[in-house]
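Student: I have a structure open and would like to learn how to read its pockets and its backbone. Where do we start?

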Amino acid sequence: MVELDEIFKKAKAELNSIKDTAELNNFYQQYLGKTGIITQSLRNMKDLPNEDKKTFGMKLNSVKNELFILIKNKEKSFEIEKIEQKISKTKDIDLTTPCQEKRGSLHPITILQNRLIDIFLSMGFTVEDGNEIETEYNNFEAVNIPKNHPARDMQDTFYLENGQVLKTHTSAAQNRIMRKYGAPLKAIFPGRCFRNEELDASHENTFFQIEGMMIDKDVSVANLIYFMEEMLKNVFQKEIKVRLRPGFFPFVEPGFELDISCPYCDGRGCRVCKHGGWIELCPCGMIHPEVLKMGGIDPEEYQGFAFGLGFSRLAMMTYDITEIRLLNSGNIKALSQAKIK
Ligand code: FA5
């Protein structure tokens, strides 16, 4: 045992004077290698009297472990030294520059869209794509807004030279999706919309909507309310009351404006709900029989609901953004301050 202490003392002293990894490797072999002093001592243990084996074995193991740690630490210190030498020779790294931890993140619109998609997927809806450039037919006629109908004024749009339009609402994909899948169907289709608008804090020329549509036998307004409440519960993580007011859209009958009890003050009145306790959230209604017919679905057999949620505005509410133009601005400094309520 005394000899073991001596060996350890000597090894530590030798280790202190080691100057590079080559010397360190030799040192390792000398003590812990196959024929090293410690390894040999372990082998020789079998010759000890039984009563000494346990104490000697424990001591030997602890010396072995300590030595191993000391060697590893030395190895690490050589690596650090090497990196520091490399850095000191490199002129284009300025270690005095303050550390800037700028981490990227998804855009608030993308975060919210992903969240809405997850919620509807979990309720059995499929997610469909819509075009940004649409035919005039899909954007207007197929949703019951014929040429010269006054409802076209509500969604003034950008016409392309070939007669197509930048879609003014996600409803423009309704017809294509009905024709693709037929009934029954349950789908959502998020997308970017464009309108020739007077711009203000809540009106942009480019904004996002998410459309939802459920078509089946015996679908009623009760189903619409159920799915909207479930979606809202998930977005706001609490029960949200909804109310329907009559609203006019040529592609639904009856049509509604769906309001929600303000999730921030629970209906008591605050800045977000302009002290009214309710927030207008989403137009919706039962799909007009003519729209079903144009989509190739028999309205005698099937009914459906549809909604068109403006989620640029929902994002403003969720992230406490007071100016809608910020969402399209690419102003990273301001966007990164968007707070999740
Ligand atoms: C429509 O676009 C209908 N297609 C919605 C619909 C679908 C009704 C299915 C019935 C059935 P509206 O024009 O109201 O409806 O727009 C829907 C939402 O989009 C609005 O509530 C609003 O949140 C958002 N929105 C509309 N115009 C703008 C705009 N210029 N900037 C930002 N958001 C807008």
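Tutor: We take the pockets, then the ligand, then the backbone. Keep in mind that this is a predicted model.

Student: How is empty space found in a set of atoms?

Tutor: Rolling a probe the size of a water molecule over the atoms shows where empty space is left. In this model, the largest pocket holds about 1,200 Å³ of space.

Student: Which residues lie nearest the centre of the largest pocket?

Tutor: They are Ser 202, Glu 280, Leu 281, Gly 310 and Arg 313, out of 45 residues in the lining. Two or more lining residues come from each of strand S5 (206-216), strand S7 (252-261), strand S8 (278-287), strand S9 (303-310) and helix H10 (311-319).

Student: Which element gives the largest share of that lining?

Tutor: Strand S8 does, with 7 residues.

Student: And what is the lining of the largest pocket made of, by class?

Tutor: The count is 23 nonpolar, 11 polar and 11 charged residues.

Student: What volume does the second largest pocket have?

Tutor: About 410 Å³. The second largest pocket is lined by 16 residues, and those closest to its centre are Ser 105, Leu 106, Ile 332, Leu 335 and Ser 336. Helix H5 (108-122) and helix H11 (332-335) each contribute at least two residues to this lining. By class, the lining of the second largest pocket has 9 nonpolar, 5 polar and 2 charged residues.

Student: Now the ligand. Which space does the ligand take?

Tutor: The ligand occupies the largest pocket. Around the ligand there are 22 residues, with His 169, Ser 171, Arg 195, Glu 197 and Glu 204 the closest.

Student: Which elements supply the shell around the ligand?

Tutor: S5, S8 and S9 each give at least two residues. The most comes from S9, with 4 residues. Sorted by class, the shell around the ligand has 9 nonpolar, 8 polar and 5 charged residues.

Student: How do I read the polar contacts of the ligand?

Tutor: Look for pairs of N or O atoms within 3.5 Å, and note whether the protein atom belongs to a side chain or to the backbone. At Ser 171, an N or O atom of the side chain is 2.8 Å from a nitrogen atom of the ligand. At Arg 195, a polar side-chain atom is 2.8 Å from an oxygen atom of the ligand. At Glu 204, the partner is a polar backbone atom, 2.9 Å from a nitrogen atom of the ligand. As for cover, the ligand on its own has 670 Å² of accessible area, and the protein covers 92% of this area.

Student: Last, the backbone. What should I look for there?

Tutor: Most residues other than glycine have a negative phi, and most peptide bonds are trans. Exceptions to either pattern can be picked out one by one.

Student: Which residues does a cis peptide bond join, with omega about -5°?

Tutor: Ala 183 and Pro 184. Pro 184 sits in the loop between helix H7 (174-181) and strand S4 (185-194). A cis peptide bond also joins Glu 253 and Pro 254, with omega about 0°. Pro 254 is in strand S7, and S7 is among the elements that line the largest pocket.

Student: Which residue has a positive phi although it is not a glycine?

Tutor: Asn 148, with phi about 70°. Asn 148 is found in the loop between helix H6 (136-139) and strand S3 (165-166).

Definitions and conventions
Residues are numbered from 1 along each chain as its sequence is written. This is a predicted model: local features need pLDDT of at least 70, side-chain atom pairs count only at pLDDT 80 or more; totals for chains, interfaces and linings use all residues. Side-chain values use heavy atoms; hydrogens and water are left out. On a 1 Å grid over the protein atoms alone, a cavity is a set of points where a 1.4 Å probe fits but cannot get out, and a pocket is an open set with protein on both sides within 12 Å along at least five of seven lines; lining residues have an atom within 4 Å of a point. Grid points are joined across faces, edges and corners, and a volume is the space filled by probe spheres set on the points. Ala, Val, Leu, Ile, Met, Phe, Trp, Tyr, Cys and Pro count as nonpolar, Asp, Glu, Lys and Arg as charged, and the others, Gly among them, as polar. A residue is near a molecule or strand if one of its heavy atoms lies within 4 Å of it. A polar contact is a pair of N or O atoms within 3.5 Å; within protein, one must be able to donate a hydrogen and the other to accept it, and residues adjacent in sequence count only if both atoms are side-chain atoms. Accessible areas come from the Shrake-Rupley method with a 1.4 Å probe; for residues, only the protein chains shown count as cover. A molecule sits in a cavity or pocket if more than half of its atoms lie within 2 Å of its grid points.
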